Amino acid sequence: MSVEERALTARGLRVEFGLPGGRVARAVDGVDLDVAPGEIVALAGESGCGKTTLARTLLGLERATGGTVAFDGVPLRYSSRALKAYRRRVQLVLQDPTGALNPRHTVYDAVAEGLRIHGIGDDEPGRVAAALSRAGLRPPEQFFLAYPHELSGGQRQRVVIAGALVLEPSLLIADEPVASLDASVRGEILALLLRLKEEQGLGSLIITHDLGLAWSIADRIAIMYLGRIVEQGPVEQVLTAPRHPYTRALVSVLPDSPVAEPIVLAGELPDASKIPGGCRFRPRCQEVASGNAAPVLHQCTGEDPEVLGAEAKPHLVACHLDRSSHADARIEV
Amino acid sequence: MTDPLPPADGASTEAPSAGRAARAVERRSSTGFGRYLLKHVSGAAVSLLLVLFSSFFIFRLIAGDPIDQLTKERPVSPEQRAAMRAELGLDRPLWQQFWDYITGTLTMDLGESFQYRRPIFDLIVERLPATLLLSGTGMVLAVLLGFWIGTRSGWKQGSRFDKGQVATGLVLYSAPTFWLGMIVILVFARYLGLFPVNGMRSPSTPPDFWSQAVDIGHHLVLPVLTYTAVVYAGYLMIMRSSILDEIGSDYLTTARAKGLRDDEVRQKHAVPNALLPTVTLVFLALGSVVNGSIVTETVFSWPGLGTLFVNAIFYPDRPVLQALFVLFSSSTIVAVLCAEILYWFIDPRIRRS
Amino acid sequence: APGAAAQEEDVDTLRIATNQEVDTFNPFKRRFVITYETSMMTYETLVRMSADNYEPTPGLATEWEESADGLTWTFTIREGATWSDGEPLTADDVAYTYGLLIENQAIHDWNIDFAANLVSAEATDETTFVLTLAEPAPAEVLSREVYIVPEHIWSQYPDPSADDANQLPLVGSGPFQVVEYRTDEFIRLEANEDYWEGAPGFDEVVYQYYLETDAAVAALEAEEVDIVGNGMQGALNPAQIGALASQEHITTNDVQGRRYVSLTINHGTVTQDGTEFGDGHPALKDPIVRQALHTAIDKQALVDTVLDGSGKPATSLIPAIFEQWHWDGGDALVQFDLDEANRLLDEAGYARGADGIRTMPGGGEPLNFRFYHHADNTAYATIVEFVTEWWAELGIAVEAQAIEQGTLNDLAYLGEFDIAFSGWGVGPNPTEQLGMHTCAVLPTLTDGSERSSENSYCNAEFDQLHEQQKVESDPAARAELVKRQQELLYTDTPVIWLYYQNVMEAFNHERVTGMSPQPSGGMYTGQQGFTWSYYTAQPADADEEGGVPMGVWIAVAAAAVLAAAAAVFFVMRRKQTADERE
Amino acid sequence: MTLLEFKDLRVTYRGSRGRLPAVRGVDLAVDAGETLGIAGESGCGKSTLAMAVLRLLPKSAEVSGQILLDGEDLLAMGWGRLRAVRWTGASIVFQGAMHSLNAVQRIGRQIAEPILVHEPKTTPAQAAKRAEALLERVGLPPSRARSFPHELSGGQRQRVMIAMALACDPDLLIADEATTALDVMVQAQVLRLISDLVRERGVGLVMISHDLSVLSAVCDRAAVMYAGRIVEQGPAHEVFAQARHPYSAALGAAFPVIGDPAARMHPGGLAGDPPDPLRLPEGCSFRPRCAVAVERCGAESPELLEVGAARVSACFVAQEGMPVVG
Amino acid sequence: MTSTTTVSPRALTWARRRQSFQRSWAAYRGQRTGMWGLVLLGAIVVIALAAPVLIDESALSVTRATGERMAPPSAGYPLGTDETGRSILALTVWGSRLSLLIGLTATVVAIVIGTAVGVTSGHIGGWYGWVALRLSDWFMVLPSLVVAIALLAVLGRSMATTITVIALVSWPGTTRLVRAQTLTVQSRPYLERAKALGAGHWHQMTKHILPNVLPLVLASATLLVPSAILMESSLAWLGLGDPGVVSWGSILNRASENGAVSAHAWWYLLPPGIAILVVVLAFMMCGRALEAVFNPRLRGESS
Ligand SMILES: Nc1ncnc2c1ncn2[C@@H]1O[C@H](COP(=O)(O)OP(=O)(O)OP(=O)(O)O)[C@@H](O)[C@H]1O
Ligand SMILES: Nc1ncnc2c1ncn2[C@@H]1O[C@H](COP(=O)(O)OP(=O)(O)OP(=O)(O)O)[C@@H](O)[C@H]1O
Ligand SMILES: [Mg+2]
Ligand SMILES: [Mg+2]
């Protein structure tokens, strides 16, 4: 089976929300993204840049206003039957395991829920036990009757993951899976995701705002800014030699970052309903501010860099400066 | 680190001039208010229309020929019946009666009472002060008392004061108003003879202002006492739980950390915040001032709108019922609308979206 | 009342409790008891009803004469009578008043039963008034209360039939005139100092509103009101009378009243042209069944329990208080006898079924009657319980149901009931009440909209007697006819009269004396034809307690002390805890 | 000169489930103008420690030991004196500014409030002026004084909190997870602001975070807490880079350095769960999760002892000079 | 926790439910007032159920009443008699059955309607949700006593209409509460997770929303019963009850119609009134305790 066959692919995906007053929030504004089986892709970006919306759209929880989502090469249809079938294959892991578990359901119920929804009746306890142990809760029977509040945060997240694994999906979409967990526990969960990938070829799309996390486990990373992916490529390349000014700023403010001087960007992410024209990053761009981008400034103000493709290998950047020949000299890699 | 702190405010480098920005903000917020107002006003208008319609049709379902009610136990000739029917406009087609009713209500012409043979508008204007006096005094007392005790009770949850107040409040709250009224009459008016049994004034009182005021005040004590006693506990509980909702909040810790005294923390921070969710309630209470004391008025024969309503029910005096139903309902609807509008100004969080 | 304010101290006020609404002060259109009384006090009729026995006695007319054919009546109007504004009252005023009945369409319609018979009304001179009729109607002419209104005022009204034609203060010739009215608070009447028969004892009469009778009773005890009686709808009950009787300053009066309570039986509702309608039980068409039902009611037991003895078993629609018209049952009087009732039914072929319930002769429908009572009347609910048990002994099942008065009336006039409660307050002229049982008032439609016939009763003999009594001028002869009518009703049993209810009233004899009852030994409130009691009432040596009552001061003081204590407590706590508490 | 000193501070919460020892004997000192970081996972008692300084703990908390602020024992103060010390001696920037600001008061008023409380001679107008100046200092336009908290973004609110904390020129600033909820970029902005202000005004800073890497960037010294105790203390970057306690090591590893090939595809972390303060194990409370535990760890609880220049650690292994990473 | 793979998960779930009930019960037992309320309530329910055993129904018959008219308490009639000579004690005891019946039935009806509308309108939303919301809001602002009185006058008085009318004015409160709670649950990530698992509306409503809403509903139902009982008594006292029925309100109605206040017949007024007070109080105590158990932060909106 080839990569293309089994990949989750998004092409030109757009999601818009109508706001009161006729304004429109373009939460996802043209995204091409692929997740191949057995691949961990990290999606990083500031709060409000549209990561969650993208994930929800990929799962069919939100309807795209433009573009397509396809799985195994089959475009996603929104009939409830098609969605249900689709959701056996692609599973979601949420940020806050405490919230993701119904406080009134036992661990067993929580994990078996997927089976019940999909009417998989045979050997329910066996499947639940298997999923729990795959998620690292052993011995599983010990946890069957526990309620979420009786578990630690890490255990809860494992239960959530077990609930996803029980349906034997091909892909996990995890929205900030460790953000609400303690620093000391995070590693364990990440190790679990990594192990699932290595042992079972389970691909994942991991949404995070922690670049360190991406460094720890992701094969590829996509950096998102205001509904658009501005840079994507293999983790090593993107994080150690960021080419988009935004990525560089993100990396620079990390302690012990490979980029020498921290670049603290001015202000905050603009509203998704007020995406600046031209390059959407231009108003905050340090290269524009410092005058480095002067040669391509007319492009920056007038021209929206095109949507990045989704090829698996190359390192892609949506920056006019990066593209111009002048740029190469100035950007230290 | 050499770069100066960035202006955290504007995301855009070519920020519009401050004045323009301010105007833009202004405009946005004013249209925001406009939309908010429109939404709630139109909601209230729909509710009012529903009330208007339903009151016309509901009371038309009352069985029996109104003429029977008008001629209680007197033999009447068919001609007399017809005359009365014509006089009351009952011989007109239903749609026409409906039209008259709608246009009449909108122009404050509420028709004529079957029972009193007087314009209902006059009746209401005559009765309203009595109701406002009783119900308004009672409601204001109840709200103040309830909020005051509720605040202290909640602030010191679990204290002896709290337990005692909650228990007292609950017991009084559990008493049926009419029963409490009868007991109060029995004890204070019949046995002790301290207060008049009923009504709003004694006809023998001299007509000068002070005598009248004292007399009315004297009549007012028992009904207000009864009314307040039953109602205040509701406000106590609400304020108490509202305070309890706030009590663990971080902003109170901040206030305390700033060095404020305990009572300053309560008065300046906890109470204003705790009051916010009760605004609707207070307005609902204000709205129901015109109908809130039906039972109390009946027990004490207080010449207000409540007794008018109960009398009209037993008569049954359909035009009066219609008008009062509209009045009672619309007053709460309008009160809730006012609360919603007020929220815009007092709760900045509303303006967020 | 700014006018009354000036001489507040020396005004003697007669205070009467009431809870009845004013419909209109227009004497031509009033229907309610309270406005009947105020009209009666404000205005006067040509002929009064006597205090002794409701007989016609001179009022504004000193004498009257009926022509031989009974069509022309000549009244001599009293000289010296004046209106309360000082104008003299003349035959012209009388003619104007009767003229309104003839000419003013609205007033005519309102009083159609009497006015239709009027041909002309003329004042031939200052003191002579001539009334011409189309047909003889002696009883009507003498007992019809037409209140004479002042022409000099009324002729200025654009429409004398309108309610607002009566601007307060009213101008009348009676002993008291309505001067002020506040809805549900009071009606104030001022004495007519120039009343031709002499000024009344009290300077003013105030009807004071009490919603609940209990409140009125309390007010009477507390000397806040002087008379509680007929003015309170729902009246005093035995418990209240009992409580009042024990009070030293109060006289209670428990006397025959004008009200009966009855059970209407659906004996088959028909229209004038004989179309049957409604869905009454077929068994009730059988007079035997109705008699059996009648026989199985112990009226005395009802009087004893429901009324605590304050009443009398009833025979017919004219209460015993009207001695001259009342028929006491004589030999035909039905005695409570369950065996007799059973025997009647057995003989008529109503056999008992397996469940003990009788069925129609030859099998068929069981005798299961719908029994409707007024939902707002607890006494009726009690009666229903009694009657249900008695009739159960007959093998008759009853489905009792409490329903709204309006619904009950609707069902009754549609004939969709079996047995239902009814009750009337009866006036001194029997024609009205008897007239509701004539064929002439049967409905013409089956939609229940015509409501003149009490119970679709139609009997040629009864009708004939009725016409005779209407034109009979000799009271004794008329009484015979009326009694015969009642007997017919009694034996046909379309209605079972249960009891006549006493009037219970009480007054403060330390403030009021000298009231004349009507009839003699009868009631003080709810009088007819003239306001004998209030006119003759005299203030007893009233020790008027002026100013604000003691209780007020106690209450005010208590409130002040309480407030002060609270304030002190609050301040002390504040001080105490300001710095110590976190 | 020592500004703040904890001497054997113990805090126990009385609750329905029993007595919960949140802080179990902490000795710690902060010098004037010094920045100290405290790291540790959720529930280890960081906030309890911070709140204890101004005695803001709920009534259910029993506090023993000493907290000396400028040599004066806060725990022995009368309420009046305590209120005077609050915000002037030390002020706090709380975790979660959204909730720590009164949602229905304009922020100008909230900033001015402590000024009016502590300097009764100030007029409201003067206080408002100072509030605006403070806002300006934290990089917000003075016009923001009229805003309500919800009209500001998370970063802006945190700035307001900082401005407020500086209103009465305190000697000590306690920042309790002041940047946790913020985005990387905003977090960088706020951290820089705090560092600048602290340096500029010579204010002592206690910075609480669960992110050791943040502390290493901002603080002079760092202390690591575990289950209510300090387990390691030393120069911040050293504690981060070469931990002398297995817990610090794990905590540090949870924040991989980008570009470090060792961290690639090898997420670091601790086995097991954070300890339940109600059921702490015998001996070293970290032992159940410790990869290098020795026999002794199960029996006795290690003291905080010197393990190098200006460094202390409560680990037997480290105290014996052995590596703490297994 | 022991390993128990041999037992079916269903049985385990039940065991677990029992345990969670026991936990709630333990939490409830911690509420002292709640326990008192429960004891009171238990006593009243026992009395109501045992009324036919305690006092023969014939004590309610007017024909067989043996007492004096409105006699004060005596050995034969510990609480005195009414105007037909029946024992007030008997009336009060029997009255409990109707008062409770009406209160409970009306509450059940209101709760069922309120919950159904609340859950569906909150969950499904859209056009239907909007209409349901507006309707319940509308009912909410209508003055309930006024509406109840008006409807009784229109529909005629009987027990069934009383129940209907009380339910009709009570449901919007529940709807509001349930809707708010539904929306809260709706925004919880576990619903998102269930959706991502492929759950349909039915599954979401029955497995997630309802179980989370029901405890609140239970608490609010417990607080609704007393207001239903109070309303029934007010209506009956105003004379809008079925006169053929013995409830506490109708006893008080008879008392005031028969001049009990004038006659100073306190024995006629006190027992039914105190009975209402005690029952209402007991329900309120239980309801508040339940609220505290299920949702300590919930405010008691029962005005
Ligand atoms: N249902 C919605 N209606 C309107 N706007 C929305 C909606 N959901 C998201 N948005 C907007 O879309 C943008 C992207 O939101 P999203 O939640 O996808 O961001 P995110 O990257 O996941 O942020 P975070 O890191 O805070 O989770 C935001 O500006 C948000 O306000
Ligand atoms: N008011 C309280 N009552 C009872 N226990 C409390 C209270 N506040 C905190 N605790 C407990 O005390 C312990 C320490 O809490 P603390 O808030 O100090 O931790 P923390 O280190 O600040 O955690 P976080 O990183 O989550 O803020 C925790 O176990 C907590 O559950
Ligand atoms: Mg998100
Ligand atoms: Mg904390």
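Trainee: Which polar backbone atom is 3.3 Å from an oxygen atom of ligand 2?
Mentor: That is a polar backbone atom of Cys44(D), and the distance of 3.3 Å runs to an oxygen atom of ligand 2; please keep in mind that we are looking at a predicted model.

Trainee: And what do side chains contribute there, say from Lys46(D)?
Mentor: A polar side-chain atom of Lys46(D) lies 2.8 Å from an oxygen atom of ligand 2, and a polar side-chain atom of Tyr13(D) lies 3.4 Å from a nitrogen atom of the ligand.

Trainee: How much of ligand 2 does the protein bury?
Mentor: Ligand 2 taken alone exposes 630 Å², and 67% of that area is buried by the protein.

Trainee: Which elements give two or more residues to its shell?
Mentor: They are β2 (18-31) and α1 (46-53) of chain D, and α1(D) gives the most, with three residues.

Trainee: How many residues surround ligand 2, and which are closest?
Mentor: There are 15 residues around ligand 2, and the closest of them are Ser42(D), Gly43(D), Lys46(D), Ser47(D) and Thr48(D). By class, that shell divides into six nonpolar, six polar and three charged residues.

Trainee: OK, over to ligand 1. Which residues come nearest to that one?
Mentor: The shell of ligand 1 has 13 residues, of which Ser47(A), Gly48(A), Lys51(A), Thr52(A) and Thr53(A) come nearest. The shell consists of five nonpolar, five polar and three charged residues, and its largest share, three residues, comes from helix α2 (residues 51-58) of chain A.

Trainee: What lies 2.8 Å from an oxygen atom of ligand 1?
Mentor: At that distance from a ligand oxygen you find a polar side-chain atom of Lys51(A). The backbone takes part as well, with an N or O atom of Gly50(A) at 3.0 Å from an oxygen atom of ligand 1 and an N or O atom of Cys49(A) at 3.2 Å from an oxygen atom of this ligand.

Trainee: And how much of ligand 1 is covered?
Mentor: On its own ligand 1 has 630 Å² of accessible area, and the protein covers 64% of that.

Trainee: Staying with helix α2 of chain A, what is Arg56(A) in contact with, beyond its sequence neighbours?
Mentor: Arg56(A), which has its place in helix α2 of chain A, is in contact with Leu61(A), Glu62(A) and Glu192(E) once neighbours within four places in sequence are left aside. With Glu192(E) there is a polar contact of 2.2 Å between the two side chains.

Trainee: Now chain E again, but with chain B. How many residues does each chain put into the contact?
Mentor: Chain B puts in 46 residues and chain E puts in 41 residues. Between them the two chains bury about 4,100 Å², with 74% of it on carbon and sulfur atoms.

Trainee: How many salt bridges and polar contacts go across it?
Mentor: The count of salt bridges between chain B and chain E is zero, whereas four residue pairs are found in polar contact, both residues of each pair being at pLDDT 80 or more.

Trainee: Which parts of chain B touch chain E?
Mentor: Two or more residues each come from α1 (18-60), α6 (160-174), α7 (177-191), α8 (209-247), α12 (294-299), α13 (305-314) and α14 (318-346) of chain B. The largest share, eight residues, comes from α7(B), and by class that side of chain B has 33 nonpolar, ten polar and three charged residues.

Trainee: What about chain B against chain C, how much area is buried there?
Mentor: About 5,000 Å² is buried between chain B and chain C, of which carbon and sulfur atoms give 52%, and the contact takes 55 residues from chain B and 54 residues from chain C.

Trainee: How many salt bridges or polar pairs turn up across that one?
Mentor: Zero salt bridges are found across the interface of chain B and chain C, and zero residue pairs are in polar contact when both must be at pLDDT 80 or more.

Trainee: Which elements of chain B supply at least two residues of that side?
Mentor: They are α2 (66-70), α3 (78-87), α5 (120-155), α8, α10 (262-275) and α13 of chain B. Of these, α3(B) gives the most, with seven residues, and the side of chain B that touches chain C has 20 nonpolar, 14 polar and 21 charged residues.

Technical notes:
Residues are numbered from 1 along each chain as its sequence is written. Chains are lettered from A and ligands numbered from 1 in the order in which they are written. This is a predicted model: local features need pLDDT of at least 70, side-chain atom pairs count only at pLDDT 80 or more; totals for chains, interfaces and linings use all residues. Side-chain values use heavy atoms; hydrogens and water are left out. A residue is near a molecule or strand if one of its heavy atoms lies within 4 Å of it. A polar contact is a pair of N or O atoms within 3.5 Å; within protein, one must be able to donate a hydrogen and the other to accept it, and residues adjacent in sequence count only if both atoms are side-chain atoms. Accessible areas come from the Shrake-Rupley method with a 1.4 Å probe; for residues, only the protein chains shown count as cover. Helices (H or I, at least four residues) and strands (E, at least two) are DSSP runs, numbered from the N terminus. Ala, Val, Leu, Ile, Met, Phe, Trp, Tyr, Cys and Pro count as nonpolar, Asp, Glu, Lys and Arg as charged, and the others, Gly among them, as polar. Contact means heavy atoms within 4.5 Å. Buried area is the accessible area (1.4 Å probe) that two parts lose on being put together, summed over both. A salt bridge is a side-chain nitrogen of Lys or Arg within 4 Å of a carboxyl oxygen of Asp or Glu.
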